[in-house]
Amino acid sequence: MKLQAAIDRRSLQETIELAKKLDPIVDIVEIGTSAIKDFGFAALKNLKSEFHHAEILFDIKTNDEGDYEFKSGYKAGADILTVMGAMDLSTLEKTYQVSQDFHRDMFIDLMAMKNQQIAPLMKFNQAIFGLHHSHDSSSNFDATDSVAKFHETYPSASRIAVAGGINLKSAAALSKQNLTEIIIVGGAISGADDPVQSAKKIYGGYQMTLVNQVLQEITTVMDDVDEKQLQAVEKIISKEKRIFVLGAGRSGLMAKGFAMRLMHIGYTVYVIGETITPSIAAGDVLVSVSGSGTTGSVLEPTEKAHQNGVEVVAVTSNSQSPLAKNSDVALIVPGATKAGDGVKSIQLLSTLFDQTTHITLDILTLMLSRRDNTSNDAAKAAHSNME
């Protein structure tokens, strides 16, 4: 769970100085709405260049002119920008598209919205959904209860942030609940006598170990892998067909690992690029792996093979990528990639995509082995005996 510290109602110099102090401690530094109104993007555009760790969120609360405001905000250095969920759907569609184009994040503020208003927003599947308790509201706000109810109502919303009176106790409860990606803390940090120490105390009071954070990321991605897509790939792959795999870098290693397992369970399988790999032809199956779905050394051969009658399975994080569009079946594994696609991660580059692709393709292998009645002993018999 990430910690976002909100800074507001300070002078420009105080805002910048505190932001730089919090940079190495928190995950996200929020420049609050009042600060944005007081100083504007121009005064804050150099802040990002002075950061070394944290992401920057500008709480601009876009209501209209979404395309212009989001482009301006990202150009000024923001990693995350906010839009009010109650606005016209066309505004959110524009801001979401800009966020995707810039490979940045959109935060949808759901303050004072009803369920029937929220439901149409679920199509923005990579957005952060913010449960926000208004400063002007006098009603009680139970963060863990609100998150639980929201998750139950909208299980497809994998990225949840919560703000409103968050303190050390509620932060610990939200961390234990394990449904929230971001907690937003305002006065308990920025209003403290020593904001830095307060941030350290809150962060240290709930933070999971790195092992648990990585496991949580993997679980989040795997929850979004569509079993129907796995079943569609299962139908394409059979022992009567030759299977070819293709990938570059670490994605290529995941593809090779899948090829090895297919060999173990009795398939004729080849790795594109190896010296003993034969030519591919119509009737064969090509499994192409690329997190971004735009890697040239993967995309170009895939397009050519598809045009020549080869059945293509695309394994990618980006459902709208050229690779996905040049496939018969797209298997979407929405882990973070170096291009900025997918579920966000604390890990480097495309590590989360690689990890979850490995798991997903191993699950596919298990499905095939069960369908074909191939036992573990049979797979073991095909394992290398030259080790």
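Helix axes are lines fitted to C-alpha atoms over the stretch in contact, with angles taken between N-to-C directions from 0 to 180 degrees. The model on display is predicted, and the tour opens with a pair of helices.

**First stop: helix 1 and helix 2**

Select residues 12–22, which form helix 1, together with residues 33–44, which form helix 2. Their axes come within 11 Å and cross at roughly 60 degrees. The two helices are therefore oblique to each other, and the crossing of helix 1 past helix 2 is right-handed. Next, display the side chains at the contact: Leu 12, Thr 15 and Ile 16 on helix 1 meet Phe 39, Ala 43 and Leu 44 on helix 2. Of the residues in this contact, five are nonpolar, one is polar and none is charged.

**Second stop: Thr 62**

Move to strand 3, residues 55–62, and select Thr 62. Is this residue buried or exposed? Thr 62 has a relative accessibility of 1% and counts as buried, because the cut-off for buried is under 20%. To see what surrounds Thr 62, leave aside its neighbours within four places in sequence and display Glu 69, Phe 70, Thr 82, Val 83, Met 84, Met 87, Thr 91 and Thr 95, with which it is in contact.

**Third stop: a ring cluster**

Keep Phe 70 in view, as this contact of Thr 62 also belongs to a cluster of rings. Add Tyr 74 and Phe 102, which ring pairs link with Phe 70.

**Fourth stop: aromatic pairs**

How many aromatic pairs does the count give? The count comes to seven. For one of them, select Tyr 96 and Phe 124: the ring centres lie 5.1 Å apart, the planes stand at 50 degrees, and the pair is tilted. This pair links distant parts of the chain, 28 residues apart, with Tyr 96 in helix 4 (residues 89–101) and Phe 124 in the loop between helix 5 (115–118) and strand 6 (128–132). Tyr 96 is buried at 12% relative accessibility, and Phe 124 is buried at 3%.

Now select Phe 244 and Tyr 270. Their ring centres are 5.3 Å apart and their planes are at 35 degrees, so this pair is tilted. Phe 244 belongs to strand 9 (residues 243–247) and Tyr 270 to strand 10 (residues 269–271), so the pair ties together parts that are 26 residues apart in sequence. A surface display can serve for the final view: Phe 244 is buried, with a relative accessible area of 0%, whereas Tyr 270, at 24% relative accessibility, counts as partly exposed.

Methods
Residues numbered from 1 in each chain as written. Predicted model: local features only at pLDDT ≥ 70, side-chain atom pairs only at ≥ 80, totals over all residues. Heavy atoms only, no water. Helix = DSSP H or I, 4+ residues; strand = E, 2+ residues; numbered from the N terminus. Buried < 20%, exposed > 50% of the residue type's maximum accessible area, 1.4 Å probe, protein only. Contact = heavy atoms within 4.5 Å. Parallel < 35°, antiparallel > 145°, perpendicular 65-115°, else oblique. Left-handed = near helix turned anticlockwise from the far one by under 90°. Nonpolar A, V, L, I, M, F, W, Y, C, P; charged D, E, K, R; others polar. Phe/Tyr/Trp six-rings, centres within 6.5 Å; stacked < 30°, edge-to-face > 60°.
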